[in-house]
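Please open the structure in your viewer, keep the sequence panel beside it, and follow the stops below in order. At each stop you will be told what to select and what to look for there.

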Amino acid sequence: MTAPTTRDSRVPGQRRGARASAADVLEPVLHELFAGPPPFALRLWDGSTTGPADGPRVLVRHRRALRRLLWQPGELGLADAWISGELDVEGDLGEALSAVRQGLAGRTVGRPAPRNWPALAAAAARLGVVGPPPPRPGGRAKVRGALHSRGRDRAVISHHYDLSNEFYALLLGPAMAYSCAYYSSDDQPLQAAQEAKFDLICRKLDLRPGTRLLDVGCGWGALARHAAVHHGARVTAVTLSARQHAHARALVAEAGVADLVDVRRCDYREIAADAYDAVSCVEMGEHVGEDQYPDFAARLHALLRPGGRLLVQQMSRGAAAPGGGAFIEAYIAPDMHMRPLGQTVDLIEAAGLEVLHTEAMRPHYARTIDAWRTTLTQQRDRFDALVGRPAVRLWELYLAGSSLAFAEGRMGVDQLLARRPGDADRPVRPAEWYGN
């Protein structure tokens, strides 16, 4: 049962009959938008409040937040206000987002009817939010050119992954793995879970001393290093990111396996044809594009020798929402495309590969992201010093929303093992991958 709506309609010290507070003016607008009371409380810039007392509390620190929503209603306007510090929440952001989503379940949030526009315009004027669009906060991607052209793809990857190696090292931990970990026990720390993920991939690919592995989208080189150090594989590791390339080269040199790992900065379409024993692609396929994925899968098939294995770890999403949403597209990963797992299986099979095994890892990703969030929260001052407060707020929103999407099952992540058919196929024994 929802507690009665409460409203402190006066600024402290204000006499009865004085000018209406921001809450007085805004409350009818909220009722119109939500067809009833909103599922959250608001504390506005003048100290007045409105909304249910037992719901999450949203802080509107500056009226400019509402001006942003006038010019850009919806997810992007809210994100810009959050990044700018004009919008905040009391307590944990992830818990607040979850509570708001639950409160909105089954409710329709719509645009006001035309008959109400004059009253809403008058309310906006009384609140002092009418005016030119506020400047956007920094951090939006600036990409040009044809969709998924090589130049545009390089710019998209650089936007996100070239932010700062120091930032990612602090956030991701020693493993420097920006992908879903694999938790083999309930109390396993993140570093061990990432190492477990690397080893699981290597075992699924049947890596042995001398095995030739191509790691497409190698990140900062952690999987390539693991495959060389622990399995003796000879690795070609490929990334589009300049900073990842530099870090990965230094990483394998420090590990003493530079003779086994060749780190290249190039597009997957530029990889010379060869007969690799194994190919890994960990959370890079989301960047390929819808129309380009059949050619991508065909390219992976061509790069494998007969009998060679392919391991794809990739995020999935319902067919009705193939991208990451307006916020993700604008700030994190433009041009991203995800699909249901079954469609990716179809595309891999259509390329002539035999799918041997799939493994859903969705709960592992929620836990992985929560570990990153904990680090970001506990060491916020260090992150602020590295990239600035607006960028940290952007990441707070990104990680909180992503954790919620995986926890609630709106997004998934899966490992798909496939092979190019051939006479030398080794039998697949999943029990061997997981140990005792």
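Helices and strands are DSSP runs, a helix having at least four residues and a strand at least two, and both are numbered from the N terminus. With that in mind, select Glu283, which lies in the loop between strand 8 (276-282) and helix 11 (293-303). This residue has a positive phi of about 50° although it is not a glycine, and at 7% relative accessibility it counts as buried.

**The whole chain**

Now zoom out until the whole chain is in view, and keep in mind that this is a predicted model. The chain has 436 residues, of which 50% count as buried, and its fold includes 17 helices and 11 strands. Along the principal axes, the C-alpha trace spans about 85 × 45 × 40 Å. If you switch on the surface, you are looking at about 19800 Å² of accessible area, 52% of which belongs to carbon and sulfur atoms. Among the contacts between residues at least 6 apart in sequence, 72% join residues at least 24 apart.

**Colouring by confidence**

Next, colour the chain by pLDDT, which is the predictor's confidence in each residue. The average is 90, and 93% of the residues score at least 70. Where should you be careful, with pLDDT staying under 50? Select residues 1-17, where pLDDT stays under 50 and for which the model has 30 contacts beyond four places in sequence. Where pLDDT is low, the predicted coordinates should not be read in detail.

**A second positive phi, and its contact**

Move on to Asp335, in the loop between helix 12 (326-332) and helix 13 (341-350). Asp335 also has a positive phi, of about 70°, and is not a glycine; with a relative accessibility of 12%, it counts as buried.

From there, select Arg152, which has Asp335 among its contacts beyond four places in sequence, together with Val143, Arg144, Gly145, Ala146 and Leu147. Arg152 sits in helix 6 (residues 150-161) and is buried, at a relative accessible area of 15%. If you then draw a distance from the C-alpha atom of Arg152 to that of Gly173, which is 21 residues away along the chain, the viewer should show a separation of 29 Å.

**Salt bridges**

How many salt bridges does a search of the whole structure find? The search finds 24 of them, and a few are worth visiting one by one.

Begin with Arg57 and Glu90, a pair whose closest N and O atoms are 3.7 Å apart. The two residues link distant parts of the chain, with Arg57 in strand 3 (residues 57-60) and Glu90, 33 residues apart from it, in the loop between strand 4 (87-89) and helix 4 (93-104). Both are partly exposed, Arg57 at 22% relative accessibility and Glu90 at 44%.

Then select Arg212 and Asp274, whose closest N and O atoms are 2.8 Å apart in their salt bridge. Because Arg212 lies in strand 5 (residues 212-216) and Asp274 in the loop between strand 7 (261-265) and strand 8, the pair ties together parts that are 62 residues apart in sequence. Arg212 is partly exposed at 29% relative accessibility, and Asp274 is partly exposed at 34%.

Finally, show Arg410 with Glu408, where the closest N and O atoms are 3.1 Å apart. Arg410 is partly exposed, at 31%, and Glu408 is partly exposed, at 35%. Elsewhere, select Arg380, Asp384, Arg389 and Glu396 together, since salt bridges that share partners join these residues into one network.

**Cysteines without a bond**

Why does Cys180 form no disulfide with the closest cysteine sulfur? Select Cys180 and Cys281: the sulfur of Cys180 is 15 Å from that of Cys281, which is too far for a bond, because a disulfide needs the two sulfur atoms within 2.5 Å. Cys218 is in a similar position, since its closest cysteine sulfur, in Cys266, is 9.4 Å away and also too far for a bond. Cys180 is buried, at 0% relative accessibility, and Cys218 is buried at 7%. Over the whole structure, the search finds zero disulfides.

**A last stop on the surface**

To finish, select Leu70, Trp71 and Val130, which form a nonpolar patch on the surface with about 340 Å² of accessible area together. Leu70 belongs to helix 2 (residues 64-71) and is partly exposed, with a relative accessible area of 48%.

Definitions and conventions: Residues are numbered from 1 along each chain as its sequence is written. This is a predicted model: local features need pLDDT of at least 70, side-chain atom pairs count only at pLDDT 80 or more; totals for chains, interfaces and linings use all residues. Side-chain values use heavy atoms; hydrogens and water are left out. Buried means under 20% relative accessible area, exposed over 50%, partly exposed in between (1.4 Å probe, protein chains only). Patches are made of residues with over 30% relative accessible area and no salt bridge: like charges are joined within 9 Å, nonpolar side chains (Val, Leu, Ile, Met, Phe, Trp, Tyr) within 5 Å. Accessible areas come from the Shrake-Rupley method with a 1.4 Å probe; for residues, only the protein chains shown count as cover. A salt bridge is a side-chain nitrogen of Lys or Arg within 4 Å of a carboxyl oxygen of Asp or Glu. pLDDT is the predictor's confidence in each residue, from 0 to 100. Contact means heavy atoms within 4.5 Å.
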